[in-house]
Amino acid sequence: MAKGGFVKQKFEKIAAVGCRVGESPVWDKTLSRLYWTDVHACTIFALDIKSLKRQQWILPARIGSFGLTDDERLIVALTTGVHLFDPKSGKLDFLVDPEEHHIGDRQKNRLNDSKVGPDGAYWVGSMHEDGLTAALYRVTADGKAEIKVEGLGTVNGLAFTDDGRTMFLSDSRQCWIDRYDFSSQTGGLSNRRRFATPGDRDGRPDGAATDMEGNYWSAGVSAGVLNQFSPSGDLIQSIKVPPLHPTMPCFGGEDMQSLFFTSLRRPDASSPDCGDVFVMRVDVPGVAVGRFKTRK
């Protein structure tokens, strides 16, 4: 834990939506819009930060996560595979199912966390309840899905540094965060090393984001905290948040110093904040996430 215990912070609730599993906040700077999903409700939400007008779209399957594209669509990880979704028309185009090779129960095994990388590819991982058979995939516009990391339980915490030379990855089931050297030219990974091992009491690692100083912000879903780690893996601060189970942070706002985060709501939730979306201000701007290249 950070020195002096939990860090106090001011929070603002920006969406009282009570998501069962709120996830994947994504900031669209062009539209000043924050997207997120309620996984099991198969719903993508969008909030205009200036007008506070909210929209939503219901898709035909559970949504693990999604990202922006270079043609104003969203690239979405559904139970049925990776698709391109046009919020304007509602059109959904299938791209590839990275897990078509996996024989298992699709009600238990599905795509989970994802990020568009500095290479313009869509990096998406899966979560499997039937063993450590999940994997991390690199998806490109030609419909190819390349397996990059295997032997995983629940892929989470994908994030990249501003220089495009480092990728972070966590496994929520195995309670570790790893760091890789990353090639933004080829999408190659190398030099894997253990970055941090936060457990249930510290905050089991869920979704994550990075700031411009190379710090890694991890949602500690089991402890009601956001954990900020230094580039070397030291815990800088542990911030107690209103919802009991924060799931993923995302930097946004005009100055990229607004840290949005989603949360989940369990059936026995004792807090009225569970499942809602919050924002807090931070001192260091965050790293902007890229857009998926829809053309080769």
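**Two pockets and a core**

The lining of the second largest pocket has 19 nonpolar, nine polar and five charged residues. Keep that profile in mind. One caution before I go on: this is a predicted model.

Let's stay with the second largest pocket. Its volume is about 480 Å³. In total, 33 residues line this pocket. Nearest its centre are K115, V287, A288, V289 and G290. Which elements give two or more residues to this lining? They are β2 (22-28), β6 (63-68), β10 (110-116), β14 (155-160), β18 (205-210) and β22 (246-252). β2 provides the largest share, with five residues.

Now the largest pocket. Here the volume is about 630 Å³. The lining counts 25 residues. Those nearest the centre are V21, R110, M127, D206 and L264. And the classes? How many charged residues are in this lining? Eleven, alongside eight polar and six nonpolar residues.

Last topic: the largest nonpolar core. This core holds 25 residues. Which of them touch the most other members? L34 and W36. Several strands give two or more residues each: β1 (12-15), β3 (33-38), β4 (43-48), β19 (216-220), β22, β23 (258-263) and β24 (277-281). The largest share comes from β24, which gives four residues.

One strand to look at on screen is β22. It gives two or more residues to the lining of the second largest pocket, and two or more to the largest nonpolar core.

To recap the pockets: about 630 Å³ for the largest, about 480 Å³ for the second largest.

Conventions: Residues are numbered from 1 along each chain as its sequence is written. This is a predicted model: local features need pLDDT of at least 70, side-chain atom pairs count only at pLDDT 80 or more; totals for chains, interfaces and linings use all residues. Side-chain values use heavy atoms; hydrogens and water are left out. On a 1 Å grid over the protein atoms alone, a cavity is a set of points where a 1.4 Å probe fits but cannot get out, and a pocket is an open set with protein on both sides within 12 Å along at least five of seven lines; lining residues have an atom within 4 Å of a point. Grid points are joined across faces, edges and corners, and a volume is the space filled by probe spheres set on the points. Ala, Val, Leu, Ile, Met, Phe, Trp, Tyr, Cys and Pro count as nonpolar, Asp, Glu, Lys and Arg as charged, and the others, Gly among them, as polar. A nonpolar core is a set of buried Ala, Val, Leu, Ile, Met, Phe, Trp, Tyr and Cys residues joined through side-chain atoms within 4.5 Å. Buried means under 20% relative accessible area, exposed over 50%, partly exposed in between (1.4 Å probe, protein chains only).
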